[in-house]
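Dear colleague,

I am passing a structure on to you, together with an account of what was found in it. Please look at the sequence and the coordinates first, and then read the notes below them.

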Amino acid sequence: MNRYFKYLITFVLLFVFCEVSAQEDGGKNLRNRRKNPLVKTRIAISPVLGLYKSNKNHTSGAKPKMAFSFSIKEEIRLDRNNQNFLLIGAEYMFHGVNFNSYYFYSDSLKLYTPERLKYKYSITIHELDFPIQLKHSFQKETNSVFSSYIFAGYCYRWIVDSHLKVTEDGNELINQYEPLKFKSPAFNPVNSSFFSVGAGFQKNTPLMHNAVFAELQFRYGLSPFYFNESFAPSSLYTSSHFILLTVGFKI
């Protein structure tokens, strides 16, 4: 009987030891998983509303085309309170504008009369933007399931491709690649800048430090773009500002 009792005590002690070890190891894994990373990645997509204003002396009826943006940013934590961050990354934006303007055939007189302001210009633009922004969260993102934030900063613009189409009463006159330039460029004629400001809301997963988010952003373009062609009037400057409604996730 004593021998079986010793075996039972030994088995119980081994079971308790294994259970404690497993719990301790699990707690260690939990603590390791809760370590706060310095850098997280934010991936997002945005429908975009373009706000265009063209030279009113040579154009009329400027309207935005359907537009969107795709972005990937690195979110760098700046403090231990998990409330201040630096956002840097790259974004692709597709957008465009339609407007009415003049069209001059070869060897024709350039008459700026109201009845000639009837040709439909359509410009589509592909650009890359490189944001540098500061983000402030009103709650600690590691302790809050829901948090809200504001952000602001600078974006460097680069027009990588653009296309122009001109029609008259549905008849195509021009359909070509059209190099656009900025009136006040930054280092290069196809480069300029935005100032940006926005606010957002996110649902956090504190254990994994991940989140899903939605944000509203306004971008103010610092320089209008333009192009020069013999068939088009001079000074076709178009300013461009944007409103972005963004949804994405942080991993």
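The notes that follow treat the overall fold, the buried salt bridges, the internal cavities and a surface patch in turn.

Please bear in mind throughout that this is a predicted model.

**Overall fold**

The chain contains one helix and twelve strands. Read along the sequence, the pattern is α-β-β-β-β-β-β-β-β-β-β-β-β, with the helix preceding the strands. Of the 251 residues in the chain, 39% are buried.

**Salt bridges**

There are twelve salt bridges in the model. Three of them are described here one by one.

Glu215 pairs with Arg42, and the closest N and O atoms of this salt bridge are 3.5 Å apart. Glu215 lies in strand β10 and Arg42 in strand β1, so that the pair links distant parts of the chain, 173 residues apart. Glu215 counts as buried because its relative accessible area is 7%, under the 20% limit for that class. Arg42 is likewise buried, with a relative accessible area of 3%.

Glu75 forms a salt bridge with Lys135, with 2.9 Å between the closest N and O atoms. This pair also connects distant parts of the chain: Glu75 belongs to strand β3 and Lys135 to strand β5 (residues 119–137), 60 residues apart. Glu75 is buried because its relative accessible area is 2%. Lys135 counts as buried as well, at 2% relative accessibility.

The side chains of Lys250 and Glu141 meet in a salt bridge, at 2.9 Å from N to O. Lys250 is in strand β12, while Glu141 is in the loop between β5 and β6 (146–168); the two residues are 109 residues apart and link distant parts of the chain. Both Lys250 and Glu141 are buried.

How are these pairs related to one another through shared partners? Salt bridges that share partners join Arg42, Glu75, Lys135, Glu141, Glu215 and Lys250 into one network.

**Cavities**

Rolling a probe the size of a water molecule over the atoms shows where empty space is left. In this model, three cavities of 30 Å³ or more were counted.

The largest cavity holds about 120 Å³ of space. It is lined by 16 residues, of which Asn36, Lys40, Glu141, His209 and Lys250 are the closest to its centre. Glu141 and Lys250 are also the two partners of a salt bridge described above. Strands β1 (39–54) and β3 (67–77) each supply at least two residues of the lining of the largest cavity, and β3 provides the largest share, with three residues. By class, this lining has five nonpolar, six polar and five charged residues.

The second largest cavity contains about 90 Å³ of space. Its lining has 14 residues, and those closest to its centre are Ser71, Lys73, Glu91, Glu215 and Thr246. Glu215 is the residue that forms a salt bridge with Arg42. Two or more lining residues come from each of β1, β3, β4 (84–101), β10 (210–221) and β12 (238–250). Strand β10 gives the most to the lining of the second largest cavity, with four residues. The residues of this lining divide into four nonpolar, five polar and five charged.

**Nonpolar surface patch**

Which residues form a nonpolar patch on the surface? The patch consists of Leu49, Leu51, Phe195, Val197, Leu216, Phe218, Tyr220, Leu222, Ile243 and Leu245, and together these residues have about 880 Å² of accessible area. Strands β1, β9 (191–205), β10 and β12 each supply at least two residues of the patch, and the largest share, three residues, comes from β10.

Val197 may serve as an example from this patch. Val197 lies in strand β9 and counts as partly exposed because its relative accessibility is 46%, between the 20% limit for buried residues and the 50% limit for exposed ones.

Strand β10 thus recurs in these notes: Glu215 of the salt-bridge network lies in β10, and β10 gives the most residues to the lining of the second largest cavity and the largest share to the nonpolar patch.

With kind regards

Methods. Residues numbered from 1 in each chain as written. Predicted model: local features only at pLDDT ≥ 70, side-chain atom pairs only at ≥ 80, totals over all residues. Heavy atoms only, no water. 1 Å grid on protein atoms, 1.4 Å probe; cavity = no way out; pocket = protein on both sides within 12 Å on 5 of 7 lines; lining within 4 Å. Points joined across faces, edges and corners; volume = space filled by probe spheres on them. Nonpolar A, V, L, I, M, F, W, Y, C, P; charged D, E, K, R; others polar. Patch = residues over 30% accessible without salt bridge, like charges linked within 9 Å, V, L, I, M, F, W, Y side chains within 5 Å. Areas by Shrake-Rupley, 256 points an atom, 1.4 Å probe, with all protein chains shown as cover. Salt bridge = Lys/Arg side-chain N within 4 Å of Asp/Glu carboxyl O. Buried < 20%, exposed > 50% of the residue type's maximum accessible area, 1.4 Å probe, protein only.
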